[in-house]
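The following exercises ask the reader to examine a protein model step by step. Please study the sequence and the structure before reading each solution.

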Amino acid sequence: MLGLAIVLAFGVNLLADGVGAHMSTTQSLVVGAAVILLLIALVAIVQLRRLEETVTFRGFVALYDNEVLDISRYSFAEDLHRVLRAVTSENEALNRQWRDDPVMLRKSAETAGRDRFNPGGAGAQLLREAIEFVYLEHLSMHLSEYFDKRGLEDLCQEHERKDLLPLLPENRVLDMLSRPLEDRIALLEGDSATDRHFVQITRRRASDTTGPEDVLIWATDGTHIFTRLDLILPRDVRVLRVAPGRIALNGKALKTELGVSFEGFGYNLDGEFLSFYAKRPAREFFGHGESLGQVFQVTLTFHARITWRGLWTARGWRLHRWAESFAQSEKTKADAASFLESINWETARTMILSGSLGKWRAEPGEAITPGTGSFAESQPGAPEESPQPPSSQRLGTEPQQAEVDWPEGAEGNGRLPGLNLK
């Protein structure tokens with residue numbers, strides 16, 4: 001490489017001397033400036049084409065008997081199940097819409113022999129709003145963590161509920177779950193009850209801010225939930241809705257857009273996954289007419305474009321690297337292919353099909369011994385899991401272990417810096 005560089009430099013020098021000998025000083029300056037400007041324009045064009053990108057996450061929603069299945073370790077499905085259960089439990093009107101105008105129409109003489117997907121129904125619309133809420137919740141958690149770790153919060157603005165009003169009219173789920181605790185009778189009753197498990201998560205405010213020391217960011221009584229959905233973004237960013245299912249975050253240096261699409265296209269999940277991992281009869285998903293289950297594809301998009309101003313400002317690069325970080329983080333939470341790869345499903349499926357797992361099916365009423373590699377159907381009456389915070393808030397559920405810098409002498413106080421669990 002060194003030899004090639006020397007030879008190339010020698011050749012360029014001879015060429016420049018030869019051309020310069022046949023030009024005046026003025027001509028040399030003009031030609032040199034033109035070459036430099038042409039090179040800059042070429043580099044700018046090439047680079048600007050690379051400064052705009054759309055990332056697509058293809059996930060899935062598994063419905064069984066008009067319920068969104070809670071797929072273990074698949075953050076998107078876990079959070080969607082939690083959100084829809086909370087909404088339909090608290091609001092009877094939305095519960096009736098979900099039940100009476102479902103995503104999948106019931107079997108009848110009119111639906112026999114044709115697709116029973118109901119894209120224009122109230123249930124499908126509620127599901128779209130819940131999907132958008134989960135997507136925004138993931139973004140909110142990621143932004144808080146990203147800017148807090150890098151100490152850039154002084155350059156940012158916290159967009160609270162009052163700043164997100166343009167989003168609320170077209171998303172009832174966002175409007176309901178982000179209402180203050182004092183406006184939610186269901187949660188107030190849970191907070192005052194002595195026989196219910198009420199959980200709160202608070203975040204410690206910065207020392208130079210006014211108001212209470214701690215701010216409530218999440219609460220649940222086991223069913224109903226409160227989420228303080230706020231977006232910490234650079235101060236010049238405006239949040240607006242550009243279309244149903246599309247939200248723009250526009251700044252001077254970076255313009256981004258989040259998109260949600262649920263059109264009823266099927267997602268191909270194998271029967272072994274449905275039977276052994278989702279714990280539902282596979283025949284109910286692949287049958288005709290009588291089937292109770294269906295797996296739909298959900299498409300989430302994240303579009304980012306760096307502006308000319310952002311290209312030439314160092315602060316713009318520092319503040320807006322969150323976009324790439326969020327795209328990488330959301331892939332592990334929402335993209336189905338990434339989820340299946342993270343649980344090594346192909347290997348597990350091969351072992352199931354080959355019988356390498358030993359006893360993998362139990363007769364009704366037969367006990368399953370833990371640790372034998374067996375898969376068991378969930379039994380009615382099994383104890384419910386304790387209420388869990390959003391997947392992006394849980395400790396120890398991500399593949400990477402979080403590193404926490406404990407303050408001196410605080411290793412044993414059971415309290416994370418900036419996070420208060422009650």
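Helices (H or I, at least four residues) and strands (E, at least two) are DSSP runs, numbered from the N terminus. The model is a predicted one, in which local features need pLDDT of at least 70 and side-chain atom pairs count only at pLDDT 80 or more, while totals for chains, interfaces and linings use all residues. Residues are numbered from 1 along each chain as its sequence is written, and side-chain values use heavy atoms, with hydrogens and water left out.

**Exercise 1. Describe the protein chain as a whole.**

Step 1. The protein chain contains 14 helices and 11 strands.

Step 2. A residue is buried under 20% relative accessible area, exposed over 50% and partly exposed in between (1.4 Å probe, protein chains only). Of the 422 residues in the protein chain, 41% are buried.

Step 3. A contact means heavy atoms within 4.5 Å. Among contacts in the protein chain with a separation of 6 or more, 69% come from residues 24 or more positions apart.

**Exercise 2. Determine which residues of helix H14 are buried and where they lie around the helix.**

Step 1. Helix H14 covers residues 345-354, and its buried residues are Trp 345, Ala 348 and Ile 352.

Step 2. These residues lie on the same side of H14, because they cover an arc of only 65° around the axis. The arc is that of the directions from the helix axis to the C-beta atoms. In general, an α-helix has 3.6 residues a turn, so residues three or four places apart point the same way.

Step 3. The buried residues pack against helix H8 (271-277) and helix H13 (336-342). On the face turned away from the buried side, H14 carries the exposed residues Glu 346, Leu 353 and Ser 354.

Step 4. After H14 comes Gly 355, which has a positive phi, near 80°.

**Exercise 3. Analyse three salt bridges and one network.**

Step 1. A salt bridge is a side-chain nitrogen of Lys or Arg within 4 Å of a carboxyl oxygen of Asp or Glu. The count by this rule is 17 salt bridges.

Step 2. Glu 145 and Lys 149 form a salt bridge through their side chains (3.0 Å, N to O). Because the two residues are four residues apart in helix H5 (residues 122-150), about one helical turn separates Glu 145 from Lys 149. Glu 145 is partly exposed at 41% relative accessibility, whereas Lys 149 is exposed at 61%.

Step 3. A salt bridge also joins the side chains of Asp 175 and Arg 161 (2.7 Å, N to O). Asp 175 belongs to helix H6 (residues 172-177) and Arg 161 to the loop between strand S2 (156-159) and H6, so the pair ties together parts that are 14 residues apart in sequence. Asp 175 is buried at 19% relative accessibility, and Arg 161 is partly exposed at 26%.

Step 4. In the salt bridge between Glu 257 and Arg 246, the closest N and O atoms are 2.8 Å apart. Glu 257 lies in strand S9 (residues 254-261) and Arg 246 in strand S8 (residues 246-250), so this pair ties together parts that are 11 residues apart in sequence. Both are partly exposed, Glu 257 at 23% relative accessibility and Arg 246 at 37%.

Step 5. Glu 158, Glu 160, Arg 228 and Asp 230 are joined into one network by salt bridges that share partners.
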